[in-house]
Amino acid sequence: MKHCVKFILFFLGSILFAQNSLSEVLSLSEYLSYVKSNHPVVKQAGLVITESEVKLQKARGAFDPKFELDYDRKKFKETTYYDKLNAMFKIPVWYGIDFKAKYERNDGEYLNPESTLPEDGLYNVGVSISLAKGFLINERMASIKQAKIYQEQAEAERLLMVNTILYDASLAYFKWLKTYQEKKMYTNFLKNSHIRFKGVKRSYEMGDKPAVDTLESYIVVTNRKLNFKESEIKYIKASLELSNYLWLNDVPVEIQNTIIPDENTFEKKEDYFSSISDVESYTIEDHPKLRMLESKYKGLQIEKKLNLNQLLPKVDVHYNFLSESLGDMDLYTFSNYKSGITLSIPLFLRKERANLKLTKLKLQDLEWSMNTTKTTLGNKMESISREMENILEQERYATSMVADYATLLKAEERMFELGESSIFLMNSRESKLINSELKLITLQNKYLESRAHLESFLMLEYEE
């Protein structure tokens with residue numbers, strides 16, 4: 001298995017980062033898969049779940065059986081004043097009940113008469129119960145319940161952390177894609193400007209075009225070079241930002257120039273994101289932020305029950321059967337026993353009443369937070385959905401404009417070849433085509449960002 005994992009990592013690394021003469025396309029889904037599998041923040045999010053499991057284990061420790069041994073001896077001038085042995089095994093159970101098994105053996109010249117026991121010691125088996133405070137709920141019971149609720153909260157927190165990093169990684173990919181498309185567009189227009197300059201220069205040398213046309217064509221070439229260089233540096237910066245999310249074996253890696261984004265990402269958007277039916281069937285109550293608040297609310301309700309229980313008086317009773325022999329159960333009779341009761345009643349209960357009031361205030365504050373968060377999330381979801389619809393409509397207009405401007409440019413180039421147009425008009429047509437293509441790339445990028453925002457907001461794609 002270890003060698004298999006090494007081979008897979010080597011294979012992925014060779015695809016992503018080995019330089020070769022061919023370009024490798026890195027799709028959005030592949031990229032996010034690498035991020036989800038290897039990014040430290042994603043692994044860090046898993047620690048939240050581990051922490052919740054450890055806290056539950058710690059809470060369950062309050063119900064672990066316990067063995068206690070107390071041995072006390074005093075000897076002075078060859079006289080044994082007392083020799084006491086007290087061994088007890090206790091099993092805590094639910095509802096404030098403890099089962100106990102105890103063995104006592106006492107001896108000595110000056111032993112307290114009430115501590116005098118049979119020569120072989122005394123066995124007792126019994127139970128202690130809290131009849132009021134601590135019966136229906138106590139600290140150890142509350143800790144168990146709250147630890148289980150914390151597991152639900154931890155899962156929601158983990159989901160938030162993972163989706164946040166995947167959303168940020170998605171934005172980095174879309175920026176990388178946008179700058180790549182702009183760079184590619186300027187590369188094509190730079191090539192066209194060179195071809196046009198050579199054609200105009202040839203026409204000038206043949207006497208068909210004035211010298212000013214060669215100058216204007218050369219200015220366009222220079223301008224396209226500037227645009228290309230600017231797009232190139234933007235692409236390099238976007239590639240480095242993308243590399244922030246790429247890790248292998250806990251080591252950051254830098255994406256190579258041979259790796260390019262999928263130019264058809266916008267066309268494949270329905271393959272990368274959840275379907276619209278999933279979005280429409282989504283309820284705000286399922287959002288991890290609300291689930292976290294709901295978990296906190298449940299924890300405070302348990303705390304409230306515990307505080308209410310603290311208002312009751314403390315009434316602890318215990319009853320133990322006594323016997324000189326451990327094995328003979330017939331000796332454990334109601335005539336041989338040890339029992340007692342402990343009663344404690346605070347007169348003012350100021351501390352207990354204050355704790356209860358504070359918990360109620362926390363609950364009220366959390367209820368308002370839940371209502372506010374629910375409204376905010378609902379409005380945010382509606383806002384993102386409306387924004388997506390608007391951008392998609394603009395994108396259709398922009399696509400039509402690009403096609404129309406491309407047609408006009410071709411017509412203008414044809415007229416220029418026939419001598420019925422000027423280099424100025426042709427460059428003007430080309431500038432408008434460039435602006436329209438930039439607008440289209442920007443709108444498609446905005447739509448992908450909005451779709452990823454909605455995806456991350458609803459936690460649909462990455463919830464396990």
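**Helix packing around H4**

Let me start with the orientation of two helices in this predicted model: H2 and H4 are oblique to each other, because the angle between them, about 140 degrees, does not pass the 145 degrees above which a pair would count as roughly antiparallel. Helix H2 covers residues 28-38 and helix H4 residues 139-205, and their axes lie 10 Å apart. The crossing of these two helices is right-handed. On the H2 side the contact is made by Leu28, Tyr31, Leu32, Val35 and Lys36, while H4 contributes Leu166, Ala169, Ser170, Ala172, Tyr173 and Phe174. Sorted by class, that contact has 9 nonpolar, 1 polar and 1 charged residues.

How, then, does helix H3, residues 40-60, cross H4? The axes of H3 and H4 come within 9 Å and cross at roughly 180 degrees, and these two helices are therefore roughly antiparallel to each other. The residues of the contact between H3 and H4 divide into 14 nonpolar, 5 polar and 8 charged.

Let me turn to helix H9, which runs over residues 350-417: at 1.5 Å a residue its 68 residues should span 100 Å, and the C-alpha atoms at its ends are 97 Å apart, so the two values agree. Just after H9, glycine 419 takes a positive phi of about 80 degrees.

Finally, a word on confidence: the mean pLDDT of the chain is 85, and 91% of its residues reach 70 or more. Over residues 1-21, however, the pLDDT is below 50, and this stretch has 21 contacts in the model beyond near neighbours in sequence.

Terms used: Residues numbered from 1 in each chain as written. Predicted model: local features only at pLDDT ≥ 70, side-chain atom pairs only at ≥ 80, totals over all residues. Heavy atoms only, no water. Axes fitted to C-alpha atoms, helices over the stretch in contact; angles between N-to-C directions. Helix = DSSP H or I, 4+ residues; strand = E, 2+ residues; numbered from the N terminus. Parallel < 35°, antiparallel > 145°, perpendicular 65-115°, else oblique. Left-handed = near helix turned anticlockwise from the far one by under 90°. Contact = heavy atoms within 4.5 Å. Nonpolar A, V, L, I, M, F, W, Y, C, P; charged D, E, K, R; others polar. Expected span 1.5 Å × (residues − 1). pLDDT = per-residue confidence, 0-100.
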